Amino acid sequence: MGSVKSCGKSSAFKTVKGFTVLELLIVMAIIAILAGISSIAIQGFVRDANLETADNKAQQVYTAVQNVLIQFEIDQDYSAIDAKCIDSWRSGGSASESAKYINLEFELKNGTLNGADVKLTNVTDSKTITFNSTYNFPSATVPSTTDKEGRAFAKLAKYLCGSLSEEFNGYAFVCIDMENWVVDSAFFTENSAKVKASANGVEDFANTYKKTGSTDGKAIIGCDSILDQKKKYGGKDASHVGAKGVVVGFYPMMNDLESGTFTKN
């Protein structure tokens, strides 16, 4: 009799092994940690790139205002940048002495300067003036020959706007040494609104300094170092909480200047 093939099923089944819930949770935790590290790194890169861009624009402002000073010197006309002169004009007198230090604040909107956005502060005498808002360059009307303030602003605006691009937007604070006729430092940010709304203005976003041995306080606005600049961006400095998240640029950094030149207030 022939053999009969067994048609029964084998009792040995193949088993398919999957991930346990615990293993899935571990994998997900690792992915979350890596994503968090990547996010922090990316945020750091973005911050550094934004700060570098702001520093470059601060340098552009620094150079532009220095060029303006050179042009004024060529013209032998210093009235457009001398707050003490203009203050004297308003009172009907003539300035007998120039200020030692001037802080020039301005906001450019698409390369255009408006008088209402320009402020000159004579640090020596703590006098501040703001130009009339009608003095807008380029303007359809040229200030009259008797309007000294208007002519001064028109000249300042002409040279300043000519030194920066038409796409330039933002707020700048420039410190000028009038005795040596040079720019000491420049501050820049595109977030003009937040600086204007801040209780202490630009001082909430930067350190204040004075020339070593000088009685003129707050003559210089700046930042000690790139590390200090990053702290202000993050709002970690308790005295600069208002600067949190605001990208501000400086030129130069104070630690790049000659040691002992400036004293922090």
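**Exercise 1. Compare the span of helix α3 with its expected length, and list which of its residues are buried.**

Solution. Helix α3 covers residues 148-163, that is 16 residues, and reaches 23 Å from its first C-alpha to its last. The expected span of a helix is 1.5 Å times one less than its number of residues, and for α3 the expected value is 22 Å, to which the span found in the model is close. Helices here are DSSP runs of H or I with at least four residues, strands are runs of E with at least two, and both are numbered from the N terminus.

The next step is burial, where buried means under 20% relative accessible area, exposed means over 50%, and partly exposed lies in between (1.4 Å probe, protein chains only). By that rule the buried residues of α3 are Glu 149, Gly 150, Ala 152, Phe 153, Lys 155, Leu 156, Ala 157, Tyr 159, Leu 160 and Cys 161.

The model is predicted, so that local features need pLDDT of at least 70 and side-chain atom pairs count only at pLDDT 80 or more, while totals for chains, interfaces and linings use all residues. Residues are numbered from 1 along each chain as its sequence is written, and side-chain values use heavy atoms, with hydrogens and water left out.

**Exercise 2. Find the salt-bridge partners of Lys 155 and state which parts of the chain they connect.**

Solution. A salt bridge is a side-chain nitrogen of Lys or Arg within 4 Å of a carboxyl oxygen of Asp or Glu, and by this rule the count comes to nine. One of them joins Asp 75 to Lys 155, with the closest N and O atoms 3.2 Å apart. Asp 75 lies in helix α1 and Lys 155 in helix α3, so this pair ties together parts that are 80 residues apart in sequence.

Lys 155 also forms a salt bridge with Asp 77, where the closest N and O atoms are 3.1 Å apart. Because Asp 77 lies in the loop between α1 and α2 (83-90) and Lys 155 in helix α3, the pair ties together parts that are 78 residues apart in sequence. As for the acidic partners, Asp 75 is partly exposed at a relative accessible area of 29%, and Asp 77 is likewise partly exposed, at 25%.

**Exercise 3. Describe the surroundings of strand β7, including its pairing and the salt bridge that involves Lys 211.**

Solution. Strand β7 (residues 207-211) has four of its five residues buried, so it is largely enclosed by the rest of the structure. For pairing, the criterion is that DSSP finds at least two bridges between two strands. Three bridges join β7 to β8 (residues 220-222) in an antiparallel arrangement, and within β8 the bridge partner of Thr 208 is Ile 221. Three bridges also join β7 to β10 (residues 262-264), again antiparallel, and here Lys 211 has Phe 262 as its bridge partner.

The side chain of Lys 211 meets that of Asp 177 in a salt bridge (3.4 Å, N to O). This pair links distant parts of the chain, with Asp 177 in strand β5 (residues 170-177) and Lys 211 in strand β7, 34 residues apart. Both ends are buried, Asp 177 with a relative accessible area of 2% and Lys 211 with 15%.

**Exercise 4. Place Asn 132 and Gly 115 in the fold and trace the contacts of Asn 132.**

Solution. Asn 132 is found in the loop between β3 (127-130) and β4 (136-137), and it is partly exposed, with a relative accessible area of 35%. Contact means heavy atoms within 4.5 Å; leaving aside its neighbours within four places in sequence, Asn 132 is in contact with Gly 115, Ala 116 and Glu 149. The C-alpha atoms of Asn 132 and Gly 150 are 7.9 Å apart, although the residues stand 18 positions apart in sequence.

Gly 115 belongs to strand β2 (residues 112-122) and counts as buried, at 0% relative accessibility. Its C-alpha is 7.2 Å from that of Thr 130, a residue 15 positions away in sequence.

**Exercise 5. Set these sites against the protein as a whole.**

Solution. The protein contains five helices and 10 strands, and 40% of its 265 residues count as buried. Of the contacts with a separation of 6 or more, 61% are between residues 24 or more positions apart.
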